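Work through the exercises below with the sequence and the model side by side, and try each task before reading its solution.

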Amino acid sequence: MMRTLFIADLHLSDNAPDLTDLFVQFLREQAPQSAALYILGDLFDAWTGDDDDSHTAQQVAQSIQKFSQFAPVYFVAGNRDFLLGKNYALRANMTLLPENHMITLHGKHILLTHGDEMCTDDVSYLRYRKIIRNPLLCQILLCLPFRKRKAIAEQIRAKSRAKKQHNYAISDVTEQGVQAACQKNRAVDIIIHGHTHRPNTHIHQYLGKNITRHVLPDWFENQGGYLAADETGFAFFRLPETTAQTNLNS
């Protein structure tokens with residue numbers, strides 16, 4: 001049975017080659033039995049432009065391109081890799097999707113997003129997000145020398161890590177954020193996202209209808225996970241061990 005796969009928050013970089021190897025192995029093993037792969041942001045720990053010629057960038061592009069010979073690959077940007085553009089997507093043979101994208105799968109209307117915009121209690125981050133994703137500012141950033149962009153990205157990551165250690169609660173998705181997402185996408189039955197590093201399944205109410213929200217697992221210390229969907233429902237899987245944790249039948 002062909003399965004549709006969903007992953008997020010891999011944070012791949014040259015500093016964690018074992019994690020990249022795990023991703024490559026995942027793609028190689030899952031390719032023959034997959035209908036599609038959706039990457040919902042933060043594939044890389046930081047992406048500062050498609051001129052990134054690091055070993056990780058090359059290895060990931062080659063591996064995704066090989067996987068795409070079996071099934072299409074789609075990418076939704078995260079807060080760490082929103083500068084990933086058409087040139088790299090072409091190298092990897094994956095399709096770029098908007099920040100919020102609806103698909104229909106096995107009769108369900110599914111909203112795909114990275115998830116950070118639903119963390120409405122984190123007001124300062126949302127303000128920063130609005131500024132940093134301004135298309136004009138993105139163009140200016142991409143005009144800077146690559147080394148300068150890398151230095152800026154490292155400064156931003158350091159501030160983000162320090163902030164999360166002290167503000168763990170506000171970095172989670174809120175009910176207000178979920179309701180706002182449903183209001184913008186009224187046909188939605190299921191929301192799938194990452195960002196929060198809190199893998200779980202939640203049930204919300206919107207206009208008298210149950211909305212299922214699947215939070216994708218993050219990848220760290222040579223461990224990862226993914227969500228798979230087929231005609232029987234949704235199930236979380238761990239990596240490198242691939243025994244289903246939960247069959248959600250939704």
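**Exercise 1. Locate H11 in the chain, and decide whether this residue is buried or exposed.**

Solution. Begin with the position: H11 sits in the loop between β1 (3–7) and α1 (17–30), where helices (H or I, at least four residues) and strands (E, at least two) are DSSP runs, numbered from the N terminus. Next take the backbone, where phi of H11 is near 55 degrees, a positive value in a residue other than glycine. Finally, H11 has a relative accessible area of 14% and is therefore buried, given that buried means under 20% relative accessible area, exposed over 50%, and partly exposed in between (1.4 Å probe, protein chains only).

The model is predicted, so that local features need pLDDT of at least 70 and side-chain atom pairs count only at pLDDT 80 or more, whereas totals for chains, interfaces and linings use all residues. Residues are numbered from 1 along each chain as its sequence is written, and side-chain values use heavy atoms, with hydrogens and water left out.

**Exercise 2. Carry out the analysis of Exercise 1 for N222, and then find the cis peptide bond.**

Solution. N222 is placed in the loop between β9 and β10 (224–230), and its phi is near 60 degrees, a positive value in a residue other than glycine. With a relative accessible area of 38%, N222 is partly exposed. The cis peptide bond joins L239 and P240, with omega about 5 degrees, and P240 lies in the loop between β11 (233–239) and β12 (244–247).

**Exercise 3. Trace the open sheet of five strands and identify its edge strands.**

Solution. The strand order is β5-β6-β7-β9-β8, with mixed pairing, two strands being paired if DSSP finds at least two bridges between them. The edge strands, each pairing on one side only, are β5 (100–105) and β8 (200–206). From one strand to the next, the twist averages 25 degrees; axes are lines fitted to C-alpha atoms, for helices over the stretch in contact, and angles run from 0 to 180 degrees between N-to-C directions. β5 pairs with β6 (residues 108–113) in the antiparallel sense over six bridges, and the bridge partner of T104 in β6 is H109. Helix α7 (residues 175–184) packs on the sheet, touching β6, β7 (190–193), β8 and β9 (209–215), and its direction makes about 65 degrees with that of β8; contact here means heavy atoms within 4.5 Å.
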